[in-house]
Amino acid sequence: MTAPRQSPFASEQRDGAPAVWEFAGLLLTYWCNARCALCCVYSSPRRGGRLDLPDALRVWRGLDELAAAHDRQMRIHLSGGEPFGDWPHLLSIVRAARDAGLSRLEKVETNAFWATSDALVRVRLEQLDALGMERLVVSSDVYHQRFVPFERVRRCVEVGRQVLGRGRVRVRWWDFYRRPLDPQALPPARRLRCYAAALRRHRERLTGRAADRLARLLPRHPAEHFRDQHCTAQILQSRHVHIGPYGHVFPGVCNGIILGNALRERIPVLWSRLATDWERNPVLAAVVRGGSYALLQRAREFGYRELERGYADRCHLCHHVRRFLHARGIWPECIGPAECYGSRRPRSEPAHELTAGSQRNN
Ligand code: SF4
């Protein structure tokens, strides 16, 4: 049994209005060519969803309005899933945002699966550069390279540096990029050891598929260990949010915890409502006051039982509890969508949320 850890946020203000959001990631789709073990949702080739152009612009504009109302500058990044899975769609959003005078695009994140030729990389990055993209972020790690040949990553990075300049291409993570290995060539036990070593170097947040696949590689602790590790900093004090393809607004590091829906409510209105109403959201109330341990205590009322072998960290506990609640349809306005919990989309979902995003023209 391990002693409970002291909360790293114990001295911070526990209640109050949320911070003004200044960093926002638009998750254009849950589709991805890969099924990485570290994915913080459950993206895969079988997932879909698409943030349509008018919706993306409306959300982007709303984020700009929120920031401007507080004399801040919004920084938008585009991600997924894999945003290059539908290149015309990605390009149309970036172009339309630029034409509409919206805030500059801070970065686009990609795993480079589409980088099949130098010419293709060059022409796409030149277009994004001309439309004002500041940076390109390329994933390169032992998890992604199970699904994306490393030569595509190298091509994307090298041609990207020629087009954008060295400082405008980032790699996540450089240590792997400089000493890549092919995880497909490794026997499963060795691959798991490589995953564990990568986790020690770069601690990933254990939500989504990462909770299922990577937590087993780390030491476990009983749920009690995470008592009082409240999440005020991640929920109320964070300036970072993600908006998914169905409009769900998530705290920047807690995909699957719904703050509101940006397709139903303008962002400034949503933010203002959250400032006064967040305690009425049972998930937010629990994790802000008492972290994932408090959420577990609420979930016990619905029959949740702790894992005997314990949890790797508080987010692993949080995800496991939320997945239980989501599977039982408990607090659906606060926990979802299915893509964040590895489950099928319920039939009751509105049809417009089922846009397949099936055009993968690469
Ligand atoms: S424990 Fe839950 S609410 Fe807290 S930071 Fe982790 S995922 Fe977010």
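**Exercise 1. What does Arg-58 count as at 40% relative accessibility?**

Before starting, note that this is a predicted model, in which local features need pLDDT of at least 70 and side-chain atom pairs count only at pLDDT 80 or more, while totals for chains, interfaces and linings use all residues. Residues are numbered from 1 along each chain as its sequence is written, and side-chain values use heavy atoms, with hydrogens and water left out.

Step 1. Recall the classes: buried means under 20% relative accessible area, exposed means over 50%, and partly exposed lies in between (1.4 Å probe, protein chains only).

Step 2. Arg-58, at 40%, therefore counts as partly exposed.

Step 3. Turn to Asp-55, which has a relative accessible area of 19% and is buried. Arg-58 and Asp-55 are joined by a salt bridge, with 2.9 Å between their closest N and O atoms; the term stands for a side-chain nitrogen of Lys or Arg within 4 Å of a carboxyl oxygen of Asp or Glu.

Step 4. Place both residues in the chain: Arg-58 and Asp-55 belong to helix 1 (residues 53–69) and are three residues apart, which is about one turn of the helix. Helices (H or I, at least four residues) and strands (E, at least two) are DSSP runs, numbered from the N terminus.

**Exercise 2. Which parts does the pair of Arg-266 and Glu-65 tie together?**

Step 1. Begin with the bond itself: Arg-266 makes a salt bridge with Glu-65, and their closest N and O atoms are 2.5 Å apart.

Step 2. Locate the partners. Because Arg-266 lies in the loop between strand 8 (260–261) and helix 9 (267–277), whereas Glu-65 lies in helix 1, the pair ties together parts that are 201 residues apart in sequence.

Step 3. Add the accessibility: Arg-266 is partly exposed at 48%, and Glu-65 is partly exposed at 33%.

**Exercise 3. How far apart in sequence are the parts that Arg-323 and Asp-212 tie together?**

Step 1. The side chains of Arg-323 and Asp-212 meet in a salt bridge, with 2.9 Å from N to O.

Step 2. Arg-323 lies in helix 11 and Asp-212 in helix 7 (residues 209–214), so the pair ties together parts that are 111 residues apart in sequence.

Step 3. Arg-323 has a relative accessible area of 29% and is partly exposed, and Asp-212, at 28%, counts as partly exposed too.

Step 4. Salt bridges can also share partners, and in this way Glu-22, Arg-72, Arg-75 and Arg-239 are joined into one network. Over the whole structure, a search finds 24 salt bridges.

**Exercise 4. Which side chain of opposite charge is nearest to Arg-322?**

Step 1. Arg-322 belongs to helix 11 (residues 314–327).

Step 2. For charge, Lys and Arg count as positive and Asp and Glu as negative, while His and the chain ends are not counted. The nearest side chain of opposite charge is that of Asp-313, 9.3 Å away, and Arg-322 is buried yet has no salt bridge.

Step 3. List the contacts (heavy atoms within 4.5 Å). Apart from neighbours within four places in sequence, Arg-322 is in contact with residues including Thr-207, Asn-255, Leu-295 and Tyr-341.

Step 4. Look at the ligand: among the residues around the ligand are Arg-205, Thr-207, Cys-231 and Arg-322, where a residue qualifies if one of its heavy atoms lies within 4 Å. Helix 11 gives the most to this shell, with four residues.

**Exercise 5. Where does Val-137 lie, and which residues does Val-137 touch?**

Step 1. Val-137 is placed in strand 4 (residues 135–139), and at 12% relative accessibility Val-137 is buried.

Step 2. When residues up to four places away in sequence are not counted, Val-137 touches Lys-107, Val-108, Glu-109, Thr-110 and Arg-170. The C-alpha atoms of Val-137 and Thr-110 are separated by 6.3 Å, although the two residues are 27 residues apart along the chain.

**Exercise 6. What is the peptide bond from Gly-80 to Gly-81, cis or trans?**

Step 1. Most residues other than glycine have a negative phi, and most peptide bonds are trans.

Step 2. The bond from Gly-80 to Gly-81 is cis, with omega near 15 degrees, and Gly-81 lies in the loop between strand 2 (75–79) and helix 2 (87–99).

Step 3. For the phi angle, consider Asp-71, a residue other than glycine whose phi is positive, near 55 degrees. Asp-71 is found in the loop between helix 1 and strand 2 and is exposed, with a relative accessible area of 75%.
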